[in-house]
There are 2 protein chains.
Amino acid sequence: MKAAKFVKPGRIELEEAPMPDIEKPKDAVIRVVRACVCGSDLWWYRGISSMPSGSYVGHEAIGVVEKVGSEVTHVKPGDFVIAPFTHGCGHCAACRAGFDGDCLDPDRRGSGGYQSEYLRFTNADWALVKIPGQPEDYSDDMLDSLLTLSDVMATGYHAAATAQVKEGDTVVVMGDGAVGLCGVIAAKLRGAERIIAMSRHEDRQKLAREFGATDIVAERGDAAVEQVMALTDGAGADAVLECVGTELSTDTAIRVARPGAVVGRVGVPQQATMDTSKLFWRNVGLRGGTAAVTTYDRHLLLDQVLKGSIQPGKVFTQRFALDHIQEAYEAMDQRTAIKSLLLVSE
Amino acid sequence: MKAAKFVKPGRIELEEAPMPDIEKPKDAVIRVVRACVCGSDLWWYRGISSMPSGSYVGHEAIGVVEKVGSEVTHVKPGDFVIAPFTHGCGHCAACRAGFDGDCLDPDRRGSGGYQSEYLRFTNADWALVKIPGQPEDYSDDMLDSLLTLSDVMATGYHAAATAQVKEGDTVVVMGDGAVGLCGVIAAKLRGAERIIAMSRHEDRQKLAREFGATDIVAERGDAAVEQVMALTDGAGADAVLECVGTELSTDTAIRVARPGAVVGRVGVPQQATMDTSKLFWRNVGLRGGTAAVTTYDRHLLLDQVLKGSIQPGKVFTQRFALDHIQEAYEAMDQRTAIKSLLLVSE
């Protein structure tokens, strides 16, 4: 089978790889229908974080179950599923508390690349999310939206959930990448009345508005803080979604929060050391981390997508056959795509 | 009138001071009935933080309103009141959101010492909390408990509120000072099922148990983390109250939290710079700051004290006439008192 392999910064190649198989009783093997490229993949693609050469890459997919291990009873071969990157066991204290992205099971990590024709999925029994019917029952747009439930939409939702967005809130969303845009959807889904999207790119501003943003702030740093304060009568936001992860973005997120508000962050922290007294003296909270993908999909997001109430699949602005994996990465690296989709099989 | 004055580290003197008067339309002058010494007073008493020599000190009191400014209508001379140290205006975005400890009114700060016979209180109209009846209607024990509502009990409650303690939770309380002990009361009030108090002193362990602690951990650092993990089947606590403020205590608080739990901190951070990726990768939240004293008193705590459901006044293990202010500080500095009460007037 074919799988995408990281060669060196700036270079991904598709190559023939061994067909994955069941290795543990809770594994499943999945035939990938669609996969995609994540903003976090760009960290190692750009050489900012390290990744061993030869690694199979990607962690977002939907597909059809091909085989299951002896302890997998909730899904069976032929089932159409979302493959969350989080692999929660469903039984540990973290999963039971609704934080399956922090599953404590030491065996949970996947076997590698989802940007491939087949993948081995650990903890399949609990973590996989079954989609009714078969891939051919859905439109392209619906398949795109279902694909976002493997990571990006759930991650945007995690930002809103940990920022504790509630009915009527004024919310700031830092970041206009696919996660930030899904954060806008999530804030609206949780009842935010006003959604201020921080965005500097016209195409993304447009999509942010389509997803529910009521205001756009194109400034950064001090100017951005001033703008948000002007928009909120000097109060600041009731909740802030940090979907970037840089030091500047996190600092701005904290400064635009009103006293008592919570910053929900999902951007992988690039520079995580900070003076937390700036939180303490304004009672600003800092929460967030890895999304609870399976939990959110099961309890809310799959239903919202199937009903058509949310259309997160619109973040895929370019689509590529798996063969064109290099171009899919380039489009995201050069920001010609908000997010690149990979068409793998029918 | 007599007021306590900071002379130099280790030295507080009572001296004749000018009688305070109304300076702004929202001021009140209060005759102090009881005041007390706060753990945070020890920072400058010990010379760890700076305080100008000659400052009038103290920020916790109950008393009787003597005079009010022209814009004060909710209290009148003769009313018995709690004087919260937070002076919320009641109208800004922070106060409206229930975070009056972070009131945005630039004029809110008090005129100084509450360890005195009279004090001037800013933002009296909204911030003062009226107690039914007069001081002579209450027992000594009840007056002690009412006094804790000016700071320490509300601060302990803030730790539990920002840690989002809920029904059935397993809670860890870091710190066995008066705030930590009030944190135990608060955790129980919010329905915690199991309360693990970190305490190394036998008298405080005893009071913690009386307030609702179900387990005591006397260890610190790594050993404390191990103990909590052993007590919680390796899961960690659902909520953690950080009532110390040191680097070690905050680090331990984060480590004993289960994935997704929130650390609510009220200990003034001594070393606030930290690597927040240890929060992110376990989805542990960090909230807290200055307590919303007026809000908590009005909505919950005054009622609980008057009904006798909670008895936070037990944290006062020594009492002194105002003349003996130096001894009151020494007792706390030397840990012979958990908290020192000052008897000021009848």
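**Exercise 1. Overall size**

What radius of gyration would a compact globule with 346 residues have, and what does chain A have?

*Solution.* The structure is a predicted model, where local features need pLDDT of at least 70, side-chain atom pairs count only at pLDDT 80 or more, totals for chains, interfaces and linings use all residues, and side-chain values use heavy atoms, with hydrogens and water left out. Residues are numbered from 1 along each chain as its sequence is written, while chains are lettered from A and ligands numbered from 1 in the order in which they are written.

Step 1. Take the globule rule: 2.2 Å times the number of residues to the power 0.38, with the radius taken over C-alpha atoms.
Step 2. For 346 residues, a compact globule would come out near 20 Å.
Step 3. Chain A has 20 Å, which agrees.
Step 4. Add the box: along the principal axes, the C-alpha atoms of chain A fill roughly 60 × 40 × 40 Å.

**Exercise 2. Chain A as a whole**

Describe the make-up of chain A.

*Solution.*
Step 1. Chain A has twelve helices and 16 strands. These are DSSP runs, numbered from the N terminus (helices: H or I, at least four residues; strands: E, at least two).
Step 2. Of its 346 residues, 61% count as buried. Buried means under 20% relative accessible area, exposed over 50%, partly exposed in between (1.4 Å probe, protein chains only).
Step 3. Look at contacts, meaning heavy atoms within 4.5 Å. Among those in chain A with a separation of 6 or more, 69% join residues 24 or more positions apart.

**Exercise 3. Two copies**

What turn and what shift lay chain B on chain A?

*Solution.*
Step 1. Superpose by least squares on the C-alpha atoms of residues with pLDDT of at least 70 in both copies.
Step 2. A turn of 180° and a shift of 0.0 Å along the axis give an RMSD of 0.0 Å.
Step 3. That is the relation of a two-fold axis.
Step 4. The same surface serves both copies: 100% of the contact residues of chain B recur in chain A.

**Exercise 4. Helix H5 of chain A and the loop after it**

How many residues of helix H5 of chain A are buried?

*Solution.*
Step 1. H5 spans residues 152-162, and eleven of its eleven residues are buried. Among them are A:Met153, A:Tyr157 and A:His158.
Step 2. The cover includes helix H6 (178-189), strand S11 (237-242) and helix H11 (293-307) of chain A.
Step 3. A:Gln164 lies in the loop between H5 and strand S8 (170-174) of chain A. Its phi is near 60°, a positive value in a residue other than glycine.
Step 4. At 25% relative accessibility, A:Gln164 counts as partly exposed.

**Exercise 5. Three residues of chain B**

Locate B:Thr148, B:Val344 and B:Asn283, then state how each is covered.

*Solution.*
Step 1. B:Thr148 sits in helix H4 (residues 140-148) of chain B, where seven of nine residues are buried. B:Thr148 has 0% relative accessibility, so it counts as buried. Not counting residues up to four places away in sequence, its contacts include B:Met153, B:Pro312 and B:Phe316.
Step 2. B:Val344 belongs to the segment after strand S16 (339-343) of chain B. Its relative accessible area is 17%, so B:Val344 is buried. B:Val33 is 311 residues apart from B:Val344 along the chain, yet their C-alpha atoms are separated by 5.2 Å.
Step 3. B:Asn283 is in the loop between helix H10 (277-280) and strand S14 (285-288) of chain B. Its phi is near 55°, a positive value. With a relative accessible area of 1%, B:Asn283 is buried.
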